[in-house]
Amino acid sequence: MGIIGRIEFAKTANGNPAASVYIMTENRFYNSSKRAHDSETIWHKVICYKELANVVDNNATIGDVFFVEGSIMKKVFMKNSYEYVDTYIIGRQIRIIEPALNQKNKDIYNNFENFEDSDVWGCGL
């Protein structure tokens, strides 16, 4: 479960709809070197196909709280002589828990374009 930061739509080779939903989660922990609580933002990519992609298209917006159940997948590839591992979720069941009602959520994620690909877990459609 996380907050939607970006949504992308595409078609598969068979012409079926596909949606990539980037959700943000926050990991809170105690940082012993700072002697204080700290947090980190983690971006996850969820890929939805066919009917779920249509549900995303018709109902999801940036800032929504988004729940997903699915399978975690990995893809290993080479780029510029480096090996990368992309991890993403294939959505089987999704729910929009809370529509984007507060402006704070939208303000936080308006800067999504500033993130590098390495900040997002996922792969292209």
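A residue counts as buried when its relative accessible area is under 20%, as exposed when that area is over 50%, and as partly exposed in between. The model treated in these exercises is predicted.

**Exercise 1. Describe the order of helices and strands along the chain, and state how many of each there are.**

Solution. Begin with the totals: the chain holds two helices and six strands. Next, place these elements in sequence order, which gives the pattern β-β-β-α-β-β-α-β. Then turn to the contacts that link distant parts of the chain. Among contacts with a separation of 6 or more, 57% join residues 24 or more positions apart. Finally, consider the surface. Of the 125 residues, 34% count as buried. The accessible surface comes to about 8400 Å², and carbon and sulfur atoms hold 47% of that area.

**Exercise 2. Determine where the confidence of the prediction is highest and where it is lowest.**

Solution. Take the whole chain to start with: its mean pLDDT is 81, and 78% of its residues reach 70 or more. Then examine the individual elements. Confidence is highest in strand β1 (residues 2–11), with a mean of 94. The lowest mean, 34, belongs to strand β6 (residues 120–121). Last, look at the stretch formed by residues 111–125, where pLDDT stays under 50. For this stretch the model has 29 contacts beyond four places in sequence.

**Exercise 3. Find the salt bridges and classify the accessibility of each partner.**

Solution. A step of reasoning requires the cut-off: a side-chain nitrogen of Lys or Arg must lie within 4 Å of a carboxyl oxygen of Asp or Glu. In general, side chains of opposite charge can pair when their charged atoms come close. The rule yields three salt bridges.

Step one concerns Arg6 and Glu8, whose side chains meet with an N to O distance of 3.2 Å. Arg6 has a relative accessibility of 25% and is therefore partly exposed. Glu8, at 29%, is also classed as partly exposed. Arg6 has a further partner, since its charge lies over the face of Tyr22, 4.3 Å from the ring centre.

Step two concerns Glu26 and Arg28, whose closest N and O atoms are 2.9 Å apart. Glu26 is partly exposed because its relative accessibility is 41%. Arg28, with a relative accessible area of 66%, is exposed.

Step three concerns Lys34 and Asp38, where the closest N and O atoms are 3.1 Å apart. Lys34 is exposed at 57%. Asp38 is partly exposed at 24% relative accessibility.

**Exercise 4. Identify the residues that Phe29 touches beyond four places in sequence.**

Solution. First locate the residue: Phe29 lies in strand β2, which covers residues 17–31. Second, classify its accessibility. Its value of 32% falls between the two limits, so Phe29 is partly exposed. Third, list the contacts, leaving out residues up to four places away. Phe29 touches Ala36, His37, Asp38, Ser39 and Glu40. One of these, Asp38, is also the salt-bridge partner of Lys34. Fourth, consider the backbone: Phe29 and Glu40 are eleven residues apart along the chain, and their C-alpha atoms are separated by 8.5 Å.

**Exercise 5. Locate the aromatic pair and state how its rings are arranged.**

Solution. The count comes to one aromatic pair. It is formed by Phe77 and Tyr84, with 5.5 Å from centre to centre and 15° between the planes. Planes under 30 degrees apart count as stacked, so this pair is stacked. As to accessibility, Phe77 is partly exposed at 27%, and Tyr84 is likewise partly exposed, at 34%.

**Exercise 6. Explain what is notable about phi in Arg35 and Asn80, and place both residues.**

Solution. Most residues other than glycine have a negative phi. Arg35, which is not a glycine, has a positive phi of about 55°. Asn80 is likewise a residue other than glycine, and its phi is positive, near 55°. To place them, note that Arg35 lies in the loop between β2 and β3 (36–49). Asn80 is found in the loop between β4 (65–79) and β5 (82–98). For the final step, compare each accessibility with the limit of 50%. Arg35 is exposed, since its relative accessible area is 71%. Asn80 is exposed as well, at 63%.

Methods: Residues numbered from 1 in each chain as written. Predicted model: local features only at pLDDT ≥ 70, side-chain atom pairs only at ≥ 80, totals over all residues. Heavy atoms only, no water. Buried < 20%, exposed > 50% of the residue type's maximum accessible area, 1.4 Å probe, protein only. Helix = DSSP H or I, 4+ residues; strand = E, 2+ residues; numbered from the N terminus. Contact = heavy atoms within 4.5 Å. pLDDT = per-residue confidence, 0-100. Areas by Shrake-Rupley, 256 points an atom, 1.4 Å probe, with all protein chains shown as cover. Phe/Tyr/Trp six-rings, centres within 6.5 Å; stacked < 30°, edge-to-face > 60°. Lys NZ or Arg CZ within 6 Å of the ring centre and 35° of its normal.
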